[in-house]
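Please open the model in a viewer and keep the selection panel at hand. The stops below proceed from a single helix to the whole chain.

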Amino acid sequence: MPEEIYDPDKFVGLSERAEACRVKRLKDVVKLKLRTSHKLYTLKVEPAKADEILKRIKCEVIEV
């Protein structure tokens with residue numbers, strides 16, 4: 001089961017051990033999904049904050 005993260009700083013920290021970060025842009029929210037070897041972590045943010053977070057991510061970013 002995926003686990004939703006609510007803290008962007010924790011999400012960026014998890015990106016160090018993630019394989020990839022998938023970005024799904026919807027109308028009013030952006031979903032960021034981190035795939036690690038054991039779990040899928042998700043974060044829902046508004047589009048303006050998503051760009052700031054993606055600059056700090058330390059793994060491959062894939063737009064879906």
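Which residues of helix α2 (residues 47-56) are buried? Select Ala50, Ile53 and Leu54: these are the buried residues of the helix, where buried means under 20% relative accessible area, exposed over 50%, and partly exposed in between (1.4 Å probe, protein chains only). They lie on the same side of α2 because they cover an arc of only 100° around the axis, the arc being that of the directions from the helix axis to the C-beta atoms. Helices (H or I, at least four residues) and strands (E, at least two) are DSSP runs, numbered from the N terminus.

A note on the basis of the tour: this is a predicted model, in which local features need pLDDT of at least 70 and side-chain atom pairs count only at pLDDT 80 or more, while totals for chains, interfaces and linings use all residues. Residues are numbered from 1 along each chain as its sequence is written, and side-chain values use heavy atoms, with hydrogens and water left out.

Next, turn to the other side of α2 and select Ala48, Glu52 and Lys55, which are exposed. Then display the elements against which the buried residues of α2 pack: α1 (8-14), β2 (20-25), β3 (30-35), β4 (40-45) and β5 (60-63). Contact here means heavy atoms within 4.5 Å.

Within strand β4, select Thr42. Thr42 counts as buried because its relative accessibility is 19%. Leaving aside residues up to four places away in sequence, Thr42 touches Glu3, Glu4, Ile5, Phe11, Leu32 and Lys33.

Move now to Asp28, in the loop between β2 and β3. Is this residue buried or exposed? Asp28 is exposed, with a relative accessible area of 62%. Add Lys39 to the selection: 11 residues separate the two along the chain, and their C-alpha atoms are 26 Å apart.

Finally, show the whole protein chain, which has two helices and five strands in the order β-α-β-β-β-α-β along the sequence. Its C-alpha trace spans about 30 × 25 × 20 Å along the principal axes. Of its 64 residues, 36% count as buried. Among contacts between residues at least 6 apart in sequence, 50% join residues at least 24 apart.
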